[in-house]
Amino acid sequence: MSLPQFQLLFAQTTQEAVELLTKYAGKIRVLAGGTDLIPSMQQKLFEPDYVLDIRRIAEIGGIRELPGSGVEIGALTTLTMIEHSEVLRRRYPVLTEAAATVASPLLRNMGTMGGNICLDTRCLWYNQSLTWRQACGFCIKKDGDLCHVAPGGTKCWAAFSADTPAALLCLNAELEIVGPSGARRVPISDFYTGLGDNYRRLQANELLTRVFLPEASADYRGVYRKLRIRGSIDYPLAGVAVAVKRSNGRCADARVAITAVNPAPVMVKGAREALVGEVIDEALAERIGDLAAKTAKPLTTSALTPEYRREMIRVFTKRSVLAAAQS
Ligand SMILES: Cc1cc2nc3c(=O)[nH]c(=O)nc-3n(C[C@H](O)[C@H](O)[C@H](O)COP(=O)(O)OP(=O)(O)OC[C@H]3O[C@@H](n4cnc5c(N)ncnc54)[C@H](O)[C@@H]3O)c2cc1C
């Protein structure tokens with residue numbers, strides 16, 4: 001599959017990038033690692049007139065400890081850097097676990113933190129070639145007006161399918177977004193809309209520049225588990241992130257988030273309340289698994305059945321809660 005015609009632009013600074021995004025708003029796409037953008041362009045899912053390569057913007061790369069106030073991760077930091085970061089592994093292990101499961105080593109060398117957070121939602125009926133989609137009459141998300149997943153519906157149910165955002169939700173991470181009027185910081189929980197076809201709150205002329213992990217979320221035990229078809233290289237079809245803090249053998253705080261089974265990554269409602277103050281055992285872990293399965297709303301957006309994906313959310317949540325409590 002060939003790429004559509006486009007003009008490649010480069011930015012050396014965040015300000016330059018925002019100026020170009022503003023000038024060509026609606027006709028331009030940001031390229032970071034390109035591991036999702038390029039295949040999507042080959043499938044003619046995106047046909048921008050301009051592609052803005054941001055990899056030369058040195059100020060938004062790397063991992064920096066902020067003494068007393070956590071860690072800052074530049075949007076261009078690769079997933080390999082996150083996976084192997086000593087400080088993240090020691091203080092925010094749920095993130096390094098999640099990053100280590102993304103795609104394959106080669107793709108993690110190219111793929112970035114910002115690209116993972118901004119990853120487009122996915123669906124069996126959307127992530128296909130132009131010919132394939134045309135043969136099916138297209139869909140709401142691109143070029144059509146019907147939904148193959150929920151016939152008769154008007155909402156797009158494409159599933160959010162990145163791994164690290166579930167871990168970032170558990171860490172109460174904040175995102176720095178820069179636009180023409182300056183920088184703003186938003187909790188990652190406010191970044192996603194829950195709509196498959198308009199999944200993130202990011203204007204066409206804005207750039208995601210940094211991720212902040214608060215000090216208060218450091219030193220939790222963290223576990224990430226995912227279901228995928230090819231164990232060596234695949235998007236999650238169900239993903240669970242768990243972060244637990246213990247004190248005197250009891251759970252002092254806990255957060256559980258799931259991904260790839262809804263149009264956005266989401267926290268599991270009631271999990272924290274059920275865990276805090278308790279000794280975590282098999283029965284309690286099972287209850288949290290049930291809560292996670294209730295939060296998951298998988299539909300036929302992938303090759304695996306929704307029932308199986310929901311069941312795996314339950315199983316992985318139970319296992320992850322127990323693993324986080326014992327590690
Ligand atoms: C075979 C294969 C398997 C994969 N498996 C997984 C997997 O298991 N888990 C997973 O999470 N992902 C997976 N991916 C997707 C992808 O590799 C990762 O999500 C990666 O982190 C994307 O980062 P990137 O820098 O390459 O993003 P890009 O492809 O450069 O960009 C992705 C999207 O984000 C936008 N974007 C990127 N950076 C910014 C920014 N700073 N500000 C604003 N917008 C931005 C782009 O415009 C684009 O829309 C897979 C991809 C392939 C090809």
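**A buried helix, a ligand shell and internal spaces**

Six of the eight residues of helix H5 are buried, so this helix is largely enclosed by the rest of the structure. The buried members of H5 are Pro93, Val94, Leu95, Thr96, Ala98 and Ala99. The model described here is a predicted one, and the values below were computed from it. Within H5, which covers residues 93-100, Val94 may serve as an example. Its relative accessibility is 1%, and because buried means under 20% relative accessible area, Val94 counts as buried. A partner for Val94 from another part of the chain is Tyr224, which stands 130 residues away along the chain, although the C-alpha atoms of the two are separated by 6.1 Å.

Two further helical residues can be described in the same terms. Cys170 is placed in helix H9, a helix that spans residues 164-170, and Cys170 is buried, with a relative accessible area of 0%. The C-alpha atom of Cys170 is separated by 6.1 Å from that of Ala243, a residue 73 positions apart from it along the chain. Leu275 belongs to helix H10, made up of residues 271-275, and with a relative accessibility of 0% Leu275 also counts as buried. Leu275 and Gln12 are 263 residues apart in sequence, and in space their C-alpha atoms are 47 Å apart.

The ligand is surrounded by 35 residues, of which the closest are Val30, Thr35, Thr112, Asp163 and Asp234. When these surrounding residues are sorted by class, the shell contains 19 nonpolar, 10 polar and six charged residues. Several polar atoms of the protein lie a short distance from oxygen atoms of the ligand, and three such pairs can be given here: a polar backbone atom of Val30 is 2.6 Å from a ligand oxygen, a polar side-chain atom of Asn116 lies 2.8 Å from a ligand oxygen, and an N or O atom in the side chain of Lys226 is 2.8 Å from a ligand oxygen. Taken alone, the ligand exposes 980 Å², and the protein buries 95% of that area. The elements that give two or more residues to the shell are strand E2 (28-31), helix H7 (113-117) and strand E8 (207-213).

Apart from the ligand shell, the search for internal spaces covered the whole structure and found two cavities of 30 Å³ or more. The largest cavity holds about 80 Å³ of space. This largest cavity is lined by 13 residues, and those closest to its centre are Cys123, Cys139, Cys147, Val149 and Cys156. By class, its lining comprises 11 nonpolar residues, one polar residue and one charged residue. The second largest cavity has a volume of about 40 Å³, and its lining consists of Trp157, Ala159, Val261, Asn262, Pro263, Lys297, Pro298, Leu299, Thr301 and Arg309. In this second lining, six residues are nonpolar, two are polar and two are charged.

Pockets were considered as well. The second largest pocket contains about 290 Å³ of space, and 17 residues line it, with Arg122, Leu237, Thr301, Ser302 and Ala303 the closest to its centre. The lining of this pocket divides into nine nonpolar, five polar and three charged residues. Thr301 is thus named both among the residues closest to the centre of the second largest pocket and in the lining of the second largest cavity.

Finally, two asparagine residues attract attention through their backbone angles. Most residues other than glycine have a negative phi. Asn172, however, has a positive phi of about 50° although it is not a glycine, and Asn248 likewise has a positive phi, near 50°. Asn172 is found in the loop between helix H9 (164-170) and strand E6 (174-179), whereas Asn248 is placed in the loop between strand E10 (238-247) and strand E11 (250-259). With regard to accessibility, Asn172 is partly exposed, at a relative accessible area of 42%, while Asn248 is exposed, with a relative accessible area of 79%. The two assignments follow from the cut-offs, because a residue counts as exposed over 50% and as buried under 20%, with partly exposed in between.

Notes. Residues are numbered from 1 along each chain as its sequence is written. This is a predicted model: local features need pLDDT of at least 70, side-chain atom pairs count only at pLDDT 80 or more; totals for chains, interfaces and linings use all residues. Side-chain values use heavy atoms; hydrogens and water are left out. A residue is near a molecule or strand if one of its heavy atoms lies within 4 Å of it. A polar contact is a pair of N or O atoms within 3.5 Å; within protein, one must be able to donate a hydrogen and the other to accept it, and residues adjacent in sequence count only if both atoms are side-chain atoms. Accessible areas come from the Shrake-Rupley method with a 1.4 Å probe; for residues, only the protein chains shown count as cover. Helices (H or I, at least four residues) and strands (E, at least two) are DSSP runs, numbered from the N terminus. Ala, Val, Leu, Ile, Met, Phe, Trp, Tyr, Cys and Pro count as nonpolar, Asp, Glu, Lys and Arg as charged, and the others, Gly among them, as polar. On a 1 Å grid over the protein atoms alone, a cavity is a set of points where a 1.4 Å probe fits but cannot get out, and a pocket is an open set with protein on both sides within 12 Å along at least five of seven lines; lining residues have an atom within 4 Å of a point. Grid points are joined across faces, edges and corners, and a volume is the space filled by probe spheres set on the points. Buried means under 20% relative accessible area, exposed over 50%, partly exposed in between (1.4 Å probe, protein chains only).
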